[in-house]
Amino acid sequence: MFYRESGQFKSSYAADSAIFTIAQDRVFIAALLALSFVAIPGLASDYLLSGILIPFLILSLAALGLNILTGYAGQLSLGSAAFMAVGAFATYNFMVRLPGMPLLVALFLGGLCAALVGVAFGLPSLRIKGFYLAVATLAAQFFIEWVFTKFGWFSNNSSSGVISAPAMQIFGYPIDTPASKYLLTLSIVAFMALAAKNMARASIGRAWMAVRDMDVAAEVIGIPMLRTKLLAFAISSFYCGVAGALYAFVLLGTVDAQAFDLHRSFQILFMIIIGGVGSILGSFLGAAFIVLLPIGLNLIGQVFHGAISTQFLANLEMMLFGGLIIFFLIVEPHGLARLWQITKEKLRVWPFPH
Amino acid sequence: MKQTIIAASLVLATIAGSALAADQFIPIPSYRVGPYASGGAKFYGGMIDYLNYVNMKEGGVGGVKLTYEECETEYKNDRGVECYERLKAKNGGASAFNFMSTGITYAVMDRADKDKIPLMTMGFGRADAQDGSAFKYTFPLITSYWSQATAKIQFIGQRLGGMDKLRGKKIVNLYHGSAYGKETIPVLDAMAKKHGFELKHIEVPAPGTEQQSQWLDIRRERPDFVVLRSWGVMTPAALKSAQKVGYPREQIVSNWWGGSEEDAIAAGEAAKGYIAGSFALDGKQFPVIQDIEKVVYGAGKGNLSDKGFIGTVNYNRGVVSGILMVEAIRAAQKKYGAKTLTGDQIRWGMENINIDAKRQQALGVTDMFPQVRTSCQNHEGSGYTRFMQWDGKDWKPVSGWIKADTSVTLPLIKASVEKYVQEKGITLRDCNAEK
């Protein structure tokens, strides 16, 4: 009913290889983009923008990065937060040490630094896989956190090791209101999500998936292992690095290495597991679930303010959160993205399934 | 005629009603789950209890009722920012935030500046924020980390029998491998230079559960004192490791985040004799604590789930935080009138807190925390630290209130502020011009 495809014919190669082949999808995405680019910045409150949407978008980007590595290329990583930290600290140093450095260039260079570090820690992936690789990336997590705490140079010798973001502007336009920060984040995330979607559909994405599904077979059909795997690490770390820089500059305005600890890596891993491994949409759904659900539960809990002890309420939130994660994993182990796909298929034939 | 009178009285009644309904909103960004929940629940419990106590006892501040709303931060920076954004404009605007977390405070400092809402950073960083001309909306009330670090060395001097006895002595600074842990290194270095003792910094990687090799190092070094800068699980782990290598706990001096019941009890027998700093003494001997128990808990309105926690270190700290908040509101009301005040007006109040001996007596807090007098320039207001020793069951004071060595802290603050001002590109306030 809603997804009736009858009458929609593909008559050219371009139409066949479009991202959204169904008209309904195109309309939906256009409406979503219009809503998020035009309506939300104008109408939403400061709280919705900087309390909910910006963290959601930034963590979606980090999840997207991990999804490229783990979901598409099949390389399990527990170091996403470390690569975020590299991006954040590198961007900070570019901005502080090179006055006049444009923000977007600094973000890009920060991402590149993260990519380089990612490649370095991705080298073991050429020899080891699975859980063993996860442990090797765990080393990145601990090593990088230690480096940023140990060497004061990275935080400009601040006595507490906490970096605080200098004022930001793009082409002379200051980024200091929640709406402008939101638009900056949204533009970057939308652009990078589009790039990720296209990479996943292009030859590089197919090479990743071939490696993921069986690396020996992939090698036999002529996919260069070194290039493919390291490219996955580089691009994934680039995404995480940009996300980390945005997290530090746009969301918090300050950051220390401890903000990117192992918990953050796990949080991002949970996002892609719940959202859907190997799915662009899944990264966003997973981030929404992990970021928004605790806040939602806390807001609902405030309704009972005074009636129930706050201590109990806070713990109840955690229990509900954990319970819901288990529920979703049992009901749909392939993540929320798969759930959405099933809904779409059902809607195609609704209301006459037979 | 009659109708006019009724109408007029109705109008008056509504005006009076709305005046009575005026209230002052205090956001409570608490953490009751997560790794620091045990301290957070007591601290914010104490703070909420004091606000309720003022409401029940005096009907609010100057007739303005205090309202509050909680938001769970889990001690995480991103959740803290979310809570800040959620609560800052609610119910007529937030008075002041006390996050009890250095990370969250750093993250919201720029926002608070822009929104003109003061941040209370009582007993934690950043230390240089006591310079109110650069940090207009940040208040490290009572004592900052740097003031405390100088007090620690002075306390060690007292123990040795005079500051001149420090010369040639050896002190180890055992610190948590985090931004927090490293914050006092420059101050301790300056103190070592001034008093001529040998200082060795030893890092414990976060979270600090593993300290075997560090304590073996300490045993080899044979320092006269160990200055502990610990947090969470690091404290009991340090005490147990010290016991293992046979280092006397009487020579370990920690800062106040290692000085609560949770820290000492977890180490069991190993904690006996251990010394920690404090900016708010524990115990129920203070009239204000006794009165809260009678008034608030007597009416069944207490916030703690277990009454037994009343009078613990973290609970008392929460009460002190509530007292300072209320005193700031009182001061601001004197200038702006008894009505709902904005964050910027509360900021003025915080810069004009004056809790002298007489006021302490009236509040029932004599000796619970030092006298506090803030100004536009001085956002710390005191700089005194007191030291307590764990006797196996309770914390017992072992010193008077020790004043920070400002000859050491002030130049460091000045240098740090200069760097901050340059990095941020801000202009300093002129405190002499403001009244």
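**Exercise 1. Work out what percentage of the 435 residues of chain B count as buried, and check the overall dimensions of the chain.**

Step 1. Start with burial: 57% of the 435 residues of chain B count as buried. Bear in mind that this is a predicted model.

Step 2. Now try the radius of gyration. A compact globule with 435 residues would come out near 22 Å, and chain B has 23 Å, so the two agree.

Step 3. Add the box. Along the principal axes, the C-alpha atoms of chain B fill roughly 95 × 50 × 40 Å.

Step 4. Look at what is inside. Chain B holds 15 helices and 14 strands. Take its contacts between residues at least 6 apart in sequence: 71% of them join residues at least 24 apart.

**Exercise 2. Find where in chain B the pLDDT is below 50.**

Step 1. Get the baseline first: chain B averages a pLDDT of 88, with 95% of the residues scoring at least 70.

Step 2. The stretch to pick out is residues 9-20 of chain B, where the pLDDT is below 50. Beyond near neighbours in sequence, this stretch makes zero contacts in the model.

Step 3. For the complex, the predictor gives an ipTM of 0.82 and a pTM of 0.85.

**Exercise 3. Compare the reach of helix 5 of chain B with the expected span, then decide how enclosed the helix is.**

Step 1. Helix 5 covers residues 145-160, which is 16 residues. From first C-alpha to last it reaches 23 Å, close to the 22 Å expected at 1.5 Å a residue.

Step 2. Count the buried positions: 12 of the 16 residues are buried, so helix 5 is largely enclosed by the rest of the structure. Among them are B:Tyr145, B:Trp146, B:Lys152 and B:Phe155.

Step 3. See what comes next. B:Gly161 follows helix 5, and its phi is positive, near 100 degrees.

**Exercise 4. Describe the side of chain A that touches chain B, then place B:Asn77.**

Step 1. Count both sides: 33 residues of chain A are in contact with 30 residues of chain B.

Step 2. On chain A, helix 3 (46-72), helix 10 (225-252), helix 12 (280-303) and helix 13 (310-331) each supply at least two residues of that side. The residues there divide into 13 nonpolar, 17 polar and three charged.

Step 3. Cross to chain B. B:Asn77 sits in helix 3 (residues 77-87) of chain B. It has 26 C-beta neighbours inside 10 Å, and 20 or more is the cut-off, so B:Asn77 counts as buried.

Step 4. List its partners, leaving aside neighbours within four places in sequence: B:Asn77 is in contact with A:Leu252 and A:Ala259, plus B:Gly103, B:Ile104 and B:Ala107.

Definitions and conventions:
Residues numbered from 1 in each chain as written. Chains lettered and ligands numbered in written order. Predicted model: local features only at pLDDT ≥ 70, side-chain atom pairs only at ≥ 80, totals over all residues. pLDDT = per-residue confidence, 0-100. Contact = placed C-beta atoms within 7 Å. Helix = DSSP H or I, 4+ residues; strand = E, 2+ residues; numbered from the N terminus. Expected span 1.5 Å × (residues − 1). Nonpolar A, V, L, I, M, F, W, Y, C, P; charged D, E, K, R; others polar. Rg over C-alpha atoms; globule rule 2.2 N^0.38 Å.
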